[in-house]
Amino acid sequence: MARFAPGDIRASEITPEAAYLNRRSFLRAVGLLAANAAFPRLAAAKGAFDTTEAPTPFEDITHYNNFYEFGTDKTDPAKRAQSLKTRPWAVTIDGECKKPKTWDIDALIKRNPPEERIYRLRCVEAWSMVIPWTGFPLGPVLAKAEPTAKAKYVAFTTLHDPEQMPGQKTGVLPWPYVEGLRMDEAMHPLAFLVTGLYGKPLPNQDGAPLRLAVPWKYGFKSIKSIVRITLVEKQPPTTWNIANPGEYGFYSNVNPTVDHRRWSQARERRIGELFKRPTLLFNGYAKEVAGLYKGMDLRVNY
Amino acid sequence: MCLVPLLRLVWAGLHAGLGVNPVEFVEHNTGAWALNFFCITLAVRPLVQTTGWSWWMRRRRMLGLFVTFYATLHFLTYLLLDMELRMGEFFRDVNRRPYIFVGFAALVLLVPLTVTSNDWMIRRLKVWWGRIHWLVYPAAILGVVHFYWLLKKDKSEALLYGGVLALLLGYRVIAYLRTRLRAPLPLDADA
């Protein structure tokens, strides 16, 4: 994993060995500094990117996956995702922007020095994990493409290749898997493009080689194995909303007061714990993101 | 023999074989075995009638009681580890969530079936025993519906149970219709 890129790294980001051992608290400070430089408007954002909660073990994160492209059992992706070829991998950024480009994934990673962020992930099925992702924020990547005034939403698309992803031969979901964010959600510092896990390259079953992490939304919005990011004018379709519109909305913000049609969202099981815990509004990121939804009825815009 | 599924669960629990989400695994496993025993119990009559081998009929009561056994384990897991004995929340869920309502209804139907399973009851109830035990049909159906309604998208396992149940119940429907069709028509009065 490239920790250093000439010219792009501020002196304060170079991690001395001693600080590496305390990197979480160190990164909290660094993150704020980076946000300051890149997004002066958001410099007031007080939220740390890292949670202090205990991270879920690597074994669990890599053997309990909803990745229907490889089967609907949670143990299927670990068994079957090895057929996915993650190199070479191209990511196209296009749509309503002045500088569309198709990136080779390694070139994209080189241009965006990775950082580690420990995010919560809350699945709509009412279980959750704490995951140390490695990656880079989505905002600067989009900014580099120079979105036009027409760009109101960002649409994401997963690879569509039934030979590599045998689950795509079934009709359990419409393929390819698509997701979307509102422009301000995509530009929020929390929106994170992920390339690694626990400092290692992202395992296939977790959405290699590039996935999204939007921790304040239900996990299915953190789309995996991305091949295309398109800036669009109208709200884009999202797969789970197509599959079951009454249960999965475009926003799908984590909200204990807005139940799933069939089950409660008030509590969740943190993987590794025996008893359930209360679910937090916006998955505990309310301080950071609540402002995006001021004035919106979150029951209607579920 | 019927305790094997429970023993396997306990063994798996002690050897970290319950997977990443053990509570979910135990709930699914105990629920599945309740449905399995429903199917096995309901398969006894067709089996005995087609093979003439009455050994199964003598075991049927025990097989039926194991439905209650696994359904109770399933319910207790849910009550203790999901609801954490919050009874208010539990009853609210029974009211508001259709899949929990039908699951609980199926469990409730198992109560009279279980209570009337012993020899004393069979002797005392006579024809009423059969009538009460008719409730096994709605109980089994509710069990499958409960499962179908809790699955997120891939309903294939629930549909499989539904298919098997449809066959087992269909057998009885056909048998019933055949006896009705064979019944002599009432004689007309002299025309």
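In the predicted model, chain B contains 9 helices and 0 strands. From the N terminus on, the order of its elements is α-α-α-α-α-α-α-α-α. The C-alpha trace of chain B spans about 75 × 40 × 35 Å along its principal axes. Of its 191 residues, 38% count as buried. Contacts in chain B with a separation of 6 or more come to 62% from residues 24 or more positions apart. Chain B has an accessible surface of about 11,800 Å², and carbon and sulfur atoms account for 70% of that area.

Chain A has 9 helices and 12 strands. Of the 302 residues in chain A, 56% count as buried. Among contacts between residues at least 6 apart in the sequence of chain A, 69% join residues at least 24 apart. The accessible surface of chain A is about 12,900 Å², with 57% belonging to carbon and sulfur atoms.

Helix α3 of chain B covers residues 55-82. The distance between its end C-alpha atoms is 40 Å, which agrees with the 40 Å that its 28 residues should span at 1.5 Å a residue. A kink of about 35° is nevertheless present in α3(B), centred on B:R61. The buried residues of this helix are B:L63, B:F66, B:V67, B:T68, B:Y70, B:A71, B:F75, B:T77, B:Y78, B:L79, B:L81 and B:D82. Their cover includes elements of both chains: β11 (267-270) of chain A, and α1 (4-14), α2 (22-51), α4 and α5 (98-115) of chain B. After α3(B) comes B:E84, which has a positive phi, near 50°.

A nonpolar patch of about 440 Å² lies on the surface and is made by B:L76, B:L80, B:L85, B:M87 and B:F91. Two elements of chain B, α3 (55-82) and α4 (87-96), each give two or more residues to this patch. One of the patch residues, B:L80, is found in helix α3 of chain B. B:L80 counts as partly exposed because its relative accessibility is 41%, between the limits of 20% for buried and 50% for exposed.

The loop between α4 and α5 of chain B holds B:R97. With a relative accessibility of 4%, B:R97 falls under the 20% limit and therefore counts as buried. Apart from residues up to four places away in sequence, B:R97 touches A:D259, A:H260, A:R262, A:W263 and A:S264.

Helix α5 of chain B follows that loop. Its 18 residues should span 26 Å at 1.5 Å a residue, and the end C-alpha atoms of α5(B) are 26 Å apart, in agreement. Buried residues in α5(B) are B:Y99, B:I100, B:V102, B:G103, B:A106, B:L107, B:L109, B:L110 and B:L113. These residues pack against α2, α3, α4, α7 (127-133) and α8 (136-150) of chain B. Helix α5(B) is in turn among the elements that cover the buried residues of α3(B).

Terms used:
Residues are numbered from 1 along each chain as its sequence is written. Chains are lettered from A and ligands numbered from 1 in the order in which they are written. This is a predicted model: local features need pLDDT of at least 70, side-chain atom pairs count only at pLDDT 80 or more; totals for chains, interfaces and linings use all residues. Side-chain values use heavy atoms; hydrogens and water are left out. Patches are made of residues with over 30% relative accessible area and no salt bridge: like charges are joined within 9 Å, nonpolar side chains (Val, Leu, Ile, Met, Phe, Trp, Tyr) within 5 Å. Accessible areas come from the Shrake-Rupley method with a 1.4 Å probe; for residues, only the protein chains shown count as cover. A salt bridge is a side-chain nitrogen of Lys or Arg within 4 Å of a carboxyl oxygen of Asp or Glu. Helices (H or I, at least four residues) and strands (E, at least two) are DSSP runs, numbered from the N terminus. Buried means under 20% relative accessible area, exposed over 50%, partly exposed in between (1.4 Å probe, protein chains only). The expected span of a helix is 1.5 Å times one less than its number of residues. The bend at a residue is the angle between axes fitted to the seven residues ending there and the seven starting there. Contact means heavy atoms within 4.5 Å.
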